[in-house]
Amino acid sequence: MTSPVSLELGTLCPKMISAWILILAEFITVLSCGEAPMPRHTVKRFSGLYTGPYFDPTTPTNITAQLGTHAYLPCKVKQLGNKSVSWIRRRDAHILTVDRYTFIADERFQAFLVEASNTWTLQVKYVQPRDAGQYECQVSTEPKMSHFIQLNVVVPKIEIVGEAELYVKAGSTVSLRCVISRSLEEPAYIFWYRDSERVLNYDKTLIDIRMERIGADTTVGTLIIYNSRREDSGNYSCSPSNLDSASVMLHVLNGEQPAAMQHGNSGARTRPADWRWVSLPLALLAARKPKLLLLAAALLILKLKRRLSIG
């Protein structure tokens, strides 16, 4: 008696054989004729100066992006037809994308087509300094056609104006200015933190936070603390969007001397000079007693040697 499994195999095998025959026939056509025939509606012929794909001469060759922002590298290809467009990173010859398919594990890279302008654009999200370099837009013609674009990454400079440590008297007004220069884009925000805790200006009679653009590439964020108290002491940092941060140490004093608070290292203090051993030889010299002067000089040298050996 024939099992149900053998009956199923018997009905499936002829279908599979037919499919393989069709596949082999296509391969034979490719091997014998060079390439498989294409439907007529997919064949597109061009007339004029260019009979095939060409790069739009207005396509840029230099793109500049700011650290942490998105970079867009456009590649305008006219009369592309059925050819593919690939993006290649030149420094390591890594194929990033082919048409809309991505061939790199880094999800920041993506290619998309703007059909209205025949532009294949490579998007690089959250640009890093290592992304700077040359990128190749390549069309799959024979021989290959390539257009190169240089990506430049600008890293803004961030600093808080003044010394790394700031000493103020209790009750005074403190103004911390965070300057962001060489910035192509104004940051969306500037957050202030004290000892990793965000500073909020709920009560503007105590704290005020401001931000303004003062030039083509400069933004200033200001933190103002009114009637400062001892509790306001701490490490303050300004953190712009998509950028690194800068910090300053604030000390609010209640009558203390700043030098006593700097490092707490009493061993680094200079010992007071012992002027008795300096004034004695001078007195003997004035009294014209050379023997005693030599003795005092010898004792002074001995004392200095002992101090140097102890220090």
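## Two terms to start with

A residue is called buried when its relative accessible area is under 20%, exposed when over 50%, and partly exposed in between, using a 1.4 Å probe and protein chains only. Strands are DSSP runs of E with at least two residues, numbered from the N terminus.

By that yardstick, strand S13 is mostly covered, as six of its eight residues are buried. Please keep in mind that the model is predicted: local features need pLDDT of at least 70, side-chain atom pairs count only at pLDDT 80 or more, and totals for chains, interfaces and linings use all residues. Residues are numbered from 1 along each chain as its sequence is written, and side-chain values use heavy atoms, leaving out hydrogens and water.

## The sheet around S13

S13 belongs to an open sheet of four strands, and walking across that sheet gives the order S11-S13-S17-S16, with antiparallel pairing. Strand S11 (157-160) and strand S16 (207-213) take the edge positions, each with a single partner strand, so each has one side without a neighbour in the sheet.

Now for the pairing itself, where two strands pair if DSSP finds at least two bridges between them. S13 (residues 174-181) meets strand S17 (residues 219-225) over seven bridges in the antiparallel sense. Along this pairing, Arg177 sits opposite Thr222 of S17, and Val179 has Val220 of S17 as its bridge partner. S11 and S13 also run antiparallel, and four bridges join them. Here Ile158 is matched with Ile180 in S13.

## S8, an enclosed strand

How many residues of strand S8 (residues 119-124) are buried? Six of the six are, so S8 is largely enclosed by the rest of the structure. In a regular strand the side chains alternate between the two faces of the sheet. S8 shows this nicely: Thr119, Thr121 and Gln123 point one way, while Trp120, Leu122 and Val124 point the other way, and all are buried.

S8 pairs with strand S3 (residues 71-78) in the antiparallel sense over six bridges. One spot to look at is Pro74, whose bridge partner in S8 is Thr121. Strand S7 (residues 109-114) is likewise an antiparallel partner of S8, with six bridges. In that pairing, Leu113 stands opposite Trp120 of S8. Trp120 therefore faces Leu113 across the S7 pairing and is one of the six buried residues of S8. The hairpin formed by S7 and S8 has four residues between the strands, and in this hairpin Asn118 takes a positive phi near 50°.

## Backbone spots worth a visit

Most residues other than glycine have a negative phi, and most peptide bonds are trans. With that in mind, a few loop residues deserve a look. Tyr126 is not a glycine, yet its phi is positive at about 45°. You will find Tyr126 in the loop between S8 and S9, where its relative accessibility of 45% makes it partly exposed. Asn242, also a residue other than glycine, has a positive phi near 60°. Asn242 belongs to the loop between strand S18 (234-240) and strand S19 (246-253). With a relative accessible area of 48%, Asn242 counts as partly exposed.

Which two residues does a cis peptide bond join? They are Glu142 and Pro143, with omega at about -5°. Pro143 lies in the loop between strand S9 (133-139) and strand S10 (145-154).

## An aromatic pair

Searching the whole structure turns up one aromatic pair. The rings belong to Tyr189 and Phe191; their centres are 4.2 Å apart and their planes stand at 20°, so the pair is stacked. For the cut-offs, rings of Phe, Tyr and Trp (its six-membered ring) pair if their centres lie within 6.5 Å, and planes under 30 degrees apart count as stacked, over 60 as edge-to-face and the rest as tilted.

Are the two partners buried or exposed? Tyr189 is partly exposed, at 36% relative accessibility, and Phe191 is partly exposed too, with a relative accessible area of 23%.
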